[in-house]
Amino acid sequence: MKKAISGQTRLAGLYALPARHSFSPTMHTTSFRELGIDAVYLSFDVQPETLGRSIQVIRDLEMLGINLSMPHKMAAIDHVDELSQAARLIGAINTIVNQEGKLIGHTTDGIGCLESLREHNLTVEDQKLTILGAGGAATAIITQAAIDGAKAIDVFNICDSFYQTIEPKLALIEKETGCRLNLYDLADEAQLSRSLAESQLLINATNVGMAPDPDQLPIPNTEVLRANLPVFDVIYHPAQTKLLKAAEEKGAIAINGLGMLLHQGAAAFKLWTGEEMPIKVIRPLLEAEIRK
């Protein structure tokens with residue numbers, strides 16, 4: 001376990017606004033130390049107008065790379081040299097890898113979700129999914145699931161001004177991956193019932209069920225849930241949302257977003273270092289942080 005900073009110590013970090021609340025420095029610096037990697041990870045509050053300059057710093061300081069959070073995930077695309085397939089389809093990145101001065105943009109949120117599912121022996125390959133929401137987290141999951149071989153995904157979103165912008169993106173993902181994608185109004189209870197009856201997995205990628213309204217459900221009623229329909233919720237605080245509780249009461253596998261948070265960080269760590277994050281060490285630290 002390497003503890004001292006040396007003249008060879010490399011830097012990775014988070015660019016966000018705000019960034020100081022993030023658990024990522026603990027996650028990554030602890031992982032570096034556990035594996036004897038001479039590197040540290042720091043958080044940086046980056047203003048939108050200085051994002052381009054800040055990304056150039058990755059090259060100038062020979063950083064391993066960075067994570068990106070709001071409000072930089074989309075704007076950062078204009079400042080990297082290359083995009084992964086998922087990042088290109090989504091139109092956003094949360095990780096930049098410095099390959100000897102060439103900056104590659106990746107998105108690891110979808111990877112984190114699917115890896116969390118694998119921990120529970122669940123796969124999306126050749127499966128039909130129903131996903132609630134079409135924002136950033138939802139799009140990342142949809143895209144990665146399609147890349148990883150999902151057969152079909154029914155996407156439900158509230159019919160607002162954002163709704164019309166979703167269809168072209170889903171059409172592009174469908175064309176490139178061959179996964180059948182359908183977009184429906186979340187208010188269409190009959191269609192939601194049909195979709196769930198045909199699905200092998202339900203994913204809530206909305207913020208419905210988290211504070212300050214933990215008693216809310218993202219679906220009209222729980223009668224559409226069943227024992228053989230696993231439910232994944234991107235929310236990790238509270239640890240058990242009302243949706244997950246209802247799924248458990250039906251006898252279904254119910255998974256919160258903690259694993260997704262952990263594994264999206266682990267995916268970035270591997271992109272920078274080529275090493276597996278020591279998940280067994282990091283998970284209890286993350287759980288303790290969330291309980292604070």
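This passage describes one helix pair and two buried residues in a predicted model.

The helix pair consists of α1, which spans residues 24-35, and α10, which spans residues 279-291. Their axes come within 10 Å and cross at roughly 150 degrees. Angles over 145 degrees count as roughly antiparallel, and α1 and α10 are therefore described as roughly antiparallel to each other. The crossing of α1 past α10 is right-handed. On the α1 side, the contact is made by Thr 26, Met 27, Thr 30, Ser 31 and Glu 34. On the α10 side, Val 281, Ile 282 and Leu 285 take part. Sorted by class, the residues of this contact are four nonpolar, three polar and one charged.

Asp 38 is placed in the loop between α1 and β2, the latter covering residues 39-45. The relative accessible area of Asp 38 is 18%. Because buried means under 20% relative accessible area, Asp 38 counts as buried. The side chain of Asp 38 is joined to the side chain of Ser 6 by a polar contact of 2.4 Å.

Asn 204 is located in strand β10, which covers residues 201-204. Its relative accessibility is 0%, so Asn 204 is also classed as buried. A polar contact of 2.7 Å links the side chain of Asn 204 to that of Thr 206. When residues up to four places away in sequence are not counted, Asn 204 touches Leu 132, Pro 218, Phe 232, Asp 233, Val 234, Ile 235 and Leu 243.

Conventions: Residues numbered from 1 in each chain as written. Predicted model: local features only at pLDDT ≥ 70, side-chain atom pairs only at ≥ 80, totals over all residues. Heavy atoms only, no water. Axes fitted to C-alpha atoms, helices over the stretch in contact; angles between N-to-C directions. Helix = DSSP H or I, 4+ residues; strand = E, 2+ residues; numbered from the N terminus. Parallel < 35°, antiparallel > 145°, perpendicular 65-115°, else oblique. Left-handed = near helix turned anticlockwise from the far one by under 90°. Contact = heavy atoms within 4.5 Å. Nonpolar A, V, L, I, M, F, W, Y, C, P; charged D, E, K, R; others polar. Buried < 20%, exposed > 50% of the residue type's maximum accessible area, 1.4 Å probe, protein only. Polar contact = N/O pair within 3.5 Å; in protein donor to acceptor, adjacent residues only side chain to side chain.
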